[in-house]
Amino acid sequence: MSKKQKIRSGVLFILIVAALLAGIFLTGSKHGESESIREVMQDAVLHESAKINLFGLKEVNPAVISAFAVTGIFLVFALVVRIFVIPKFKEIPGKFQLLLEQGVGLFDSLAKSNSPHRNKFLGGYVFTAGAYIFVGTLFELFGVQAVTTSGASVSLPAPLADINGAIGMGVFSYLIIMSGAVSEHGIKGIGKALKDFSLPISMSFRLFGALLSGALVTELVYHYLSLSFVLPIFVGVMFTLLHALIQAYVLTMLTALFYGEMSEPAVKKTKKLKKKA
Amino acid sequence: MPLNIDWQQILLHLFNVALLFAILYFLLYKPVHKFMDERAEKYEKMKNDTENRLAEAEKTKAEYEKQLARANAEIDELKAKARSDMAKAADASRLNAENEAKNIISAARTGAESEKKKIIDEARGEIGDIIASAAQKLVSESTAAAYDEFLTAAEGSDTDE
């Protein structure tokens, strides 16, 4: 790079920084804020104000639409992969095949390591849960717009940022764990699973709390115009990515762990030995 | 409900998760897993086949080595036997040769003795004949000489007179 080019680049950089600073300090006023931060935060937590009509059947939170949108994306993706990609799988995998195999292998090994006795079904579930949490959380980054019942435009959130979505996921995971207990111990398994009745609540609220905290921080940053330069790139993208990864790992790990614990065969010999002793 | 919890929406989310589980399990997870299992099984089978073949080869090698050792032992045994037979045959032929030589020598000696005797006998006869003839000759020569001397002497005396 010549000296002239260096000077040009330096001047350009200074101009951009100056423009950004001007934007931050000159526009950081009361204009453009139609609702208070309290209302924004409350709406982010409770989703009371923005409702979307679900096929004319019911008014639902935007997260329900997000959930169905994510499922739709997965359906199309899975169909395309099943029809066009999987039949052409090779023994020495290409990049995309390797990615799919890595994904399946990762959750399969997670299931096998945490639940050595019954893990085929569990592997499928943790794969689904991991993919849903990861893609569902990243979904909010795309800012897909939907029209609310009041006619306003709303950006679709992550499905699990809604308490109902988090409870749905937690309860479904608990039902899967319970199915593991039932398949191993029969009806007794239900009792065994019910002993950990706090599990669905803790799983649901852990998921909701983690995603909500990310959403709140992001909302907070987006709400103030002075913070809306450069910072949202890191806050929005990095926080969302981290949340997606961490929550996908935590929930799948917990589900696999509890499933393994519940589906563990009862040890009868040791009891007999103890009685004899 | 507190926190805007709505049972209908929870059920909708549950339905959605169940639907997604079915989609991903049957369309993605199961086929990919099946492919991976089949591939792993194939390589496991190949590994087992290779190990079996290797074990068989090792077994065959051991058998061949055993057979080779046995064959070597047999060869050594046969060699030893051949050497011993050869030594025996050599001893026997040497003994025969010695006997034959002895016989030849003894025959030669006997022949030589008889020849010698014959020669001596013949020589004796010839010597006797020679002696006889010599004696006869001597006798005849001495008589003739005496006659000659007498005659000579007789002639000499005649002349002196």
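This short talk covers chain B, one pocket, the aromatic pairs and the salt bridges of the structure shown above.

Good morning, colleagues. Please keep in mind throughout that this is a predicted model.

I begin with chain B. Its secondary structure amounts to one helix and zero strands. Of the 161 residues in chain B, 15% are buried. The chain exposes about 12800 Å², and carbon and sulfur atoms supply 60% of that area.

I turn next to the second largest pocket. As a general point, rolling a probe the size of a water molecule over the atoms shows where empty space is left. The second largest pocket has a volume of about 620 Å³. Which elements give two or more residues to its lining? They are α3 (62-85), α4 (95-114), α5 (120-139) and α9 (231-262) of chain A, together with α1 (7-160) of chain B. The largest share comes from α4(A), which gives seven residues. In total, 21 residues line this pocket, and those nearest its centre are A:Gly103, A:Phe107, A:Phe127, A:Ala131 and A:Phe134. By class, the lining holds 18 nonpolar residues, three polar residues and no charged ones.

Two of the residues just named return in the next topic, the aromatic side chains. A:Phe107 and A:Phe127 belong to one aromatic cluster, together with A:Phe121, A:Tyr125, A:Phe172, B:Phe21, B:Tyr25, B:Phe26 and B:Tyr29. The cluster thus has members from chain A and from chain B.

A pair of aromatic rings is described by the distance of the centres and the angle of the planes. Over all chains, the count comes to twelve aromatic pairs. I shall describe two of them. In the pair of A:Tyr125 and A:Phe172, the rings are 5.6 Å apart, centre to centre, with 40° between the planes, and the pair is classed as tilted. This pair links distant parts of the chain, since A:Tyr125 lies in helix α5 of chain A and A:Phe172 in helix α6 (residues 163-185) of chain A, 47 residues apart. Are these two residues buried or exposed? A:Tyr125 has a relative accessible area of 1%, so it is buried. A:Phe172, with a relative accessible area of 11%, is likewise buried. The cut-off behind both statements is a relative accessible area under 20%.

The other pair is formed by B:Phe21 and B:Tyr25, and it too is tilted: 5.7 Å centre to centre, with 50° between the planes. Here both residues lie in helix α1 of chain B, four residues apart, which is about one turn of the helix. B:Phe21 is buried, as its relative accessible area is 10%. B:Tyr25 is buried as well, at 12%.

My last topic is charge. Side chains of opposite charge can pair when their charged atoms come close. How many salt bridges does a search of the whole structure find? The search finds six over all chains.

One of these joins the side chains of A:Lys58 and B:Asp6, at 3.1 Å from N to O. A:Lys58 lies in strand β2 (residues 58-60) of chain A, whereas B:Asp6 lies in the segment before α1 of chain B, so the pair joins two chains. With a relative accessibility of 22%, A:Lys58 counts as partly exposed, whereas B:Asp6, at 18%, counts as buried.

Another salt bridge is formed by the side chains of B:Arg39 and A:Glu101, at 2.6 Å from N to O. This pair also crosses between chains, from helix α1 of chain B, where B:Arg39 lies, to helix α4 of chain A, which holds A:Glu101. B:Arg39 counts as buried at 16% relative accessibility, and A:Glu101 counts as buried at 7%. Helix α4 of chain A is also the element that gives the most residues to the pocket lining described earlier.

The final example lies within chain B. B:Glu98 and B:Arg94 meet through their side chains in a salt bridge, at 3.8 Å from N to O. Both residues lie in helix α1, four residues apart, about one turn of the helix. B:Glu98 counts as partly exposed at 39% relative accessibility, and B:Arg94 counts as partly exposed at 48%. These two residues and B:Asp91 are linked in a network of salt bridges.

That concludes the presentation. Thank you for your attention.

Notes: Residues numbered from 1 in each chain as written. Chains lettered and ligands numbered in written order. Predicted model: local features only at pLDDT ≥ 70, side-chain atom pairs only at ≥ 80, totals over all residues. Heavy atoms only, no water. 1 Å grid on protein atoms, 1.4 Å probe; cavity = no way out; pocket = protein on both sides within 12 Å on 5 of 7 lines; lining within 4 Å. Points joined across faces, edges and corners; volume = space filled by probe spheres on them. Nonpolar A, V, L, I, M, F, W, Y, C, P; charged D, E, K, R; others polar. Buried < 20%, exposed > 50% of the residue type's maximum accessible area, 1.4 Å probe, protein only. Areas by Shrake-Rupley, 256 points an atom, 1.4 Å probe, with all protein chains shown as cover. Phe/Tyr/Trp six-rings, centres within 6.5 Å; stacked < 30°, edge-to-face > 60°. Salt bridge = Lys/Arg side-chain N within 4 Å of Asp/Glu carboxyl O.
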